[in-house]
Amino acid sequence: EGYCSPSGPIESTHCLYETVESLNAQLFPALHELVTYPFFRHYKVDLYKECPFWYENGFCMNRNCGVEAADEDEIPEKWRAAALSAVKVSSADGEGVSSCYFKEQDFCYVEDDADQNGQYVDLTLNPERFTGYAGDSAHNVWRAIYEENCFGLSEASLSEMSKAGTSPKSKGEIASAVVGAGGISKPSSTASTPQDSGWGFSKLSEGWGTEMVKAPTGGEGGMCEEKKVYYRVISGLHASISIHICHEYLDQATGEWSPNLECFISRLATHPERLSNVYFNAVLLLRAVARAAPYLEAYDISTSPVGMEKESDVLTRKKFGEVLKLAGGEEMGKGFDEGDFFAGPDAVILKEQFKTHFRNVSRIMDCVGCDKCRLWGKLQVSGIGTALKILFELDDKALDPKVNPDLLQRSEVVALINTLHRISESLAAVEEFRKIYASTQIEE
Ligand code: FAD
């Protein structure tokens, strides 16, 4: 009893765990179907960029790390055409209007259909699950990502700068100041000190922890809400990946794939704050999808030329509508209130710092030494980046499909929805682990 019954508010949100869970009972099957349709399962990504931060030689030789490319014949002509026109615009007009108009607002490096080096991947052929990627290479990447949590300027110095009117003026200045001041660096080898918070999910509402890195100044209590959001988003993503690994675990002795309760207990159940952060990501993504619903509803998800829609296009639109309705349903309320963040006197600087760090996370993904892990890592960072952009950069006017039909690239929409699906599947897997655990208790 009490093992898996999270209750109480999710910190920084006005939403109950139970609400997310009851919504997820409907949302997960709908999303699970939606991501199998052609528009959502094809993602173009460059998996072979060099790691820009350190020499990475920990490549996973395990065949489970491999990525299967999509069948090129399945890629609709219109996506290629869109890519070609983007190239033309960009060569004629410097950086390119269509892809760069909102670059300033991006929270991550966006891979897209126009990327010359990318290749199309069929996501349904490459499920996120246990690959065997582990050890120093994986730990270095996670450590580097958590170290991005060390914002370059302390809270105190931020308000000092504001008071003195010495805030950096250009966003570029801020970015380089932050990167230079303890931003991205080769991961150190200092051992981490995980804070096991004891057995049981009942403590889910205890809030967030900082497991791998210490808060930059003044301890956790001194951290502003924006930094907490950064940490929770990363920790929630990490926990969600761990849930998928434990849920689709390969027993290397028998060659069978099945849920591994021990894995779940040691990585998740004994760390309730990690689970809490998965719920946090669910709420954040749902809020972003709900806010952008009118824009997404009008998005061209068909894979065929105008007037020649296939049956799968009609089914995609119908399922997408269902997902958008669920995400924007009344039971969730606002869930996550973006108005609570980046509103104080240091808002501009904090937001630029946040963006710089999150962009660095998307570049750190090129250092992941396992192709399949890199694929899902990149996609999810892009999905979260898109959600953050919707929440913190775009107002209702910008999100009006008539005013801004090209606001989001296809890859951003695909990443956003697939990331919500990853998180939603994690929540469904937690339910399943509860049942598995309960059955072991009865047996005893
Ligand atoms: P890790 O998960 O590597 O964690 C390292 C340390 O981080 C822990 O000791 C703990 O101190 C801390 N920590 C762990 N979880 C959290 C959390 N949620 N919040 C805060 N701190 C935490 N492996 C696969 O099999 N399949 C995949 O698809 C896959 N994708 C990956 C994607 C990325 C981007 C990366 C970096 C790795 C991926 N891996 C994947 C590897 C996987 O995440 C683990 O690194 C690996 O399974 C080894 O796990 P571990 O138990 O040593 O701890």
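In this predicted model, Cys373 touches Cys65, Thr131, Tyr133 and Val368, leaving aside residues up to four places away in sequence. Cys373 belongs to helix α14, and because 24 C-beta neighbours fall inside 10 Å, Cys373 counts as buried. Cys370, by contrast, is found in the loop between α13 (347-364) and α14, and this residue also counts as buried, because 25 C-beta neighbours lie inside 10 Å. The contacts of Cys370, again not counting residues up to four places away in sequence, are Cys60, Cys65, Thr131 and Tyr133. Read beside the list for Cys373, which includes Cys65, Thr131 and Tyr133, the list for Cys370 also holds these three residues. Cys370 and Cys373 are listed by UniProt, in an unreviewed entry, under "active site".

The unreviewed UniProt entry also carries a "binding site" label, given to Arg129, Thr131, Trp142, Ser235, His238 and Arg267. Thr131 thus comes from that record and is among the contacts of Cys370 and of Cys373. Arg129 sits in the loop between β2 (119-122) and α5. Because 17 other C-beta atoms lie within 10 Å of Arg129, a count under the 20 that burial requires, Arg129 is partly exposed. Once residues up to four places away in sequence are set aside, Arg129 touches His244, Ile245 and Glu248. His238, another of the residues in the record, is found in helix α8, and with 19 C-beta neighbours inside 10 Å His238 counts as partly exposed.

The ligand itself can be placed against these residues. A shell of 26 residues surrounds the ligand, and the closest are Ala138, Ser235, Ala239, Cys373 and Gly377. Two of these names return from the UniProt record, since Ser235 is listed there under "binding site" and Cys373 under "active site". Which helices each supply at least two residues of this shell? They are α5 (135-147), α8 (225-247) and α14 (371-392), and the largest share, six residues, comes from α8. Sorted by class, the shell has 14 nonpolar, seven polar and five charged residues.

Helix α1 (residues 17-34) offers a check on geometry: at 1.5 Å a residue, its 18 residues should span 26 Å, and the end C-alpha atoms are 24 Å apart, which agrees. The helix nevertheless has a kink of about 40°, centred on Asn24. Asn24 is also one of the buried residues of α1, a group that consists of Tyr17, Val20, Leu23, Asn24, Leu27, Phe28, Ala30, Leu31 and Leu34. An α-helix has 3.6 residues a turn, so residues three or four places apart point the same way. The buried residues of α1 pack against α2 (38-41), α10 (272-291), α12 (311-327) and α15 (410-443).

Leu31, which lies in helix α1, shows this packing at the level of a single residue. Because 26 C-beta neighbours fall inside 10 Å, Leu31 counts as buried. Leaving out residues up to four places away in sequence, Leu31 touches Val323, Leu420, His421 and Ser424. Leu31 and Arg422 are 391 residues apart in sequence, while their C-alpha atoms are 9.4 Å apart in space.

Among the helices against which α1 packs is α10, where 20 of its 20 residues are buried. The 20 residues of α10 reach 29 Å from the first C-alpha to the last, close to the 28 Å expected at 1.5 Å a residue.

Two loop residues complete the tour. Is Glu104, in the loop between α4 (97-100) and β2, buried or exposed? With 9 C-beta neighbours inside 10 Å, Glu104 counts as exposed, because a residue with 12 or fewer falls in that class. Glu104 and Lys355 are 251 residues apart in sequence, and 9.6 Å separates them in space, C-alpha to C-alpha. Phe342 lies in the loop between α12 and α13, and its phi is near 50°, a positive value in a residue other than glycine. Phe342 counts as buried, because 21 C-beta neighbours are found inside 10 Å.

Definitions and conventions: Residues are numbered from 1 along each chain as its sequence is written. This is a predicted model: local features need pLDDT of at least 70, side-chain atom pairs count only at pLDDT 80 or more; totals for chains, interfaces and linings use all residues. A residue is near a molecule or strand if its C-beta atom, placed from the backbone, lies within 6 Å of it. Helices (H or I, at least four residues) and strands (E, at least two) are DSSP runs, numbered from the N terminus. Ala, Val, Leu, Ile, Met, Phe, Trp, Tyr, Cys and Pro count as nonpolar, Asp, Glu, Lys and Arg as charged, and the others, Gly among them, as polar. The expected span of a helix is 1.5 Å times one less than its number of residues. The bend at a residue is the angle between axes fitted to the seven residues ending there and the seven starting there. Two residues are in contact if their C-beta atoms, placed from the backbone, lie within 7 Å. UniProt positions are given in the numbering used here, feature names are shortened, and annotations may be inferred rather than shown by experiment.
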